[in-house]
Amino acid sequence: MEPVIDHAFAAALYSDGDPALDTGASLLAAAPTADDALHHRGEEFVRRAWDRGWHPADLVRFVRRELDESRAALAATLITAETARYAALPPRWGSQLADLPAPVPRNRPDRFSYAAGLLELYRVLLRLPSIEPVGPLPGTVTDHLHLPPAHDEPRMLTRIRALLAKAEATDFPEEAEALTTKAQELMARHSIDEALLAARNHSTQAPGACRIGVDAPYETAKAILLDAVASANRCRAVWNSDLGFTTVVGFEPDLEAVELLFTSLLVQGTAAMTAAEAGQRAGGRKRTKTFRQSFLMAYAQRLGSRLAADTERVTAAADAGTTDGNGNGTATGTPGGLLPVLAARDVAVTDTAERMFPRTTTTRVRGATDVAGWTHGTAAADRARMGRREGEIAP
């Protein structure tokens, strides 16, 4: 253990302010032989973050929120090095690691600035709070029983992603609506098939959880949208506004649907907001933050109402002609039909969420003040609606 690192940490990590940071950075900049030990110490801080419930994406998002993009890249570099020592990683970690910022080169000409950046990052890592765990730690082995995935699951998810990607890319609202509606139909059908399969096999699989970032600006509207998407897909959402994420509790196929759909609707909503604002400006009306805030609030609330109605309609249609795992014919071996199966899963999700978050509070949302923004947001939500049109029947 390098004494210079202990001296630098004592000077910089346990006190606030730039002078303390400068003192620690000066000590480290003058000791290039301590670089390896300095980075290993950072990896230890990252390892402790896993013990406190954090995941790679959470950690980088929080550092970006508290500091800046350059420190987030430093955190990603440490995360990449730390996770490389595990033979296997928990579910979802692989995709999170793939989305991290590019690693930062260690051989930097400005040693002082680099050391100061690391120390500033270590300050944040040292003071991380503990959060609710949502999955196993890296390096641990779980013995939970999992159903084997449906044989067409990879193809199904590929189709859903492709549909949503096309919906995000098109400049025609009607096409985006049709593509997104079809994606939601596939999600709902897949969720129902999984629920029936689990019931027939008497599965002991329990609900899980994942965290989804809810970033500024307009995070309240985004959190409302995420809550609506989660509820429509039989999940529960709990927003942590201080840490910038929402924890979504549900069964795995539904969690996957929530992640995909929320991300796509946010992209579609942001594009529609930008286009609407451009139209307002072209008409000579200058729009500000209140327009964008009102737009996204209306978009989130309107979508929430439509998603809830669409879910009821899809479920009723499915219960009337319950499909098997391939979407064909009537399911057998599931006494009572679909609704009792879904009700049991809803109870399991609610119980899990309440155990994870025994104390939650509700927040009063400030009303939207821009009428034009609200009107345009409502219209955009109607174009992006997720259910079938009136008169359509379940496939």
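Residues are called buried when their relative accessible area is under 20% and exposed when it is over 50%. In these terms, the predicted model shows a two-sided first helix: the face of α1 turned away from its buried side carries the exposed residues Pro3, His7 and Ala10, whereas Val4, Ile5, Ala8, Phe9 and Ala12 are the buried residues of α1. Viewed down the helix axis, these buried residues of α1 fall within an arc of 130 degrees, so they line one face of the helix. Such an arrangement can be read against the general geometry of the α-helix, which has 3.6 residues a turn, so that residues three or four places apart point the same way. The cover over the buried residues of α1 includes α2, α3 and α7.

The largest nonpolar core comprises 46 residues, of which Leu59, Tyr122 and Leu125 touch the most other members. Two or more residues are given to this core by each of α1 (3-12), α2 (18-29), α3, α4, α5 and α7, and the largest share, 10 residues, comes from α7. When neighbours within four places in sequence are left aside, leucine 125 is in contact with Phe45, Val46, Arg52, Leu59 and Leu78. Apart from this core lies another, of 34 residues, among them Leu226, Val229, Ala230 and Leu303.

Helix α4 (residues 56-66) contains the buried residues Pro56, Asp58, Leu59, Val60, Arg61, Phe62 and Val63, a set that includes charged as well as nonpolar side chains. The packing partners of the buried residues of α4 are the helices α3 (35-51), α5 (69-83), α6 (93-98) and α7 (111-126), together with the strands β1 and β3 (245-250).

Backbone geometry departs from the usual pattern at several loop positions. In the loop between β1 (208-213) and α10 (219-232), which contains proline 217, the peptide bond from alanine 216 to proline 217 is cis, with omega near 0 degrees. Tyrosine 218 lies in the loop between β1 and α10 as well, and its phi is near 60 degrees, a positive value in a residue other than glycine. A positive phi, near 55 degrees, is also found at histidine 202, likewise a residue other than glycine, within the loop between α9 (173-200) and β1. The two side chains can be set against the cut-offs given at the outset: at 11% relative accessibility, tyrosine 218 counts as buried, whereas histidine 202, at 68%, counts as exposed.

Definitions and conventions
Residues numbered from 1 in each chain as written. Predicted model: local features only at pLDDT ≥ 70, side-chain atom pairs only at ≥ 80, totals over all residues. Heavy atoms only, no water. Helix = DSSP H or I, 4+ residues; strand = E, 2+ residues; numbered from the N terminus. Buried < 20%, exposed > 50% of the residue type's maximum accessible area, 1.4 Å probe, protein only. Contact = heavy atoms within 4.5 Å. Core = buried A, V, L, I, M, F, W, Y, C linked by side-chain atoms within 4.5 Å. Arc of directions from axis to C-beta.
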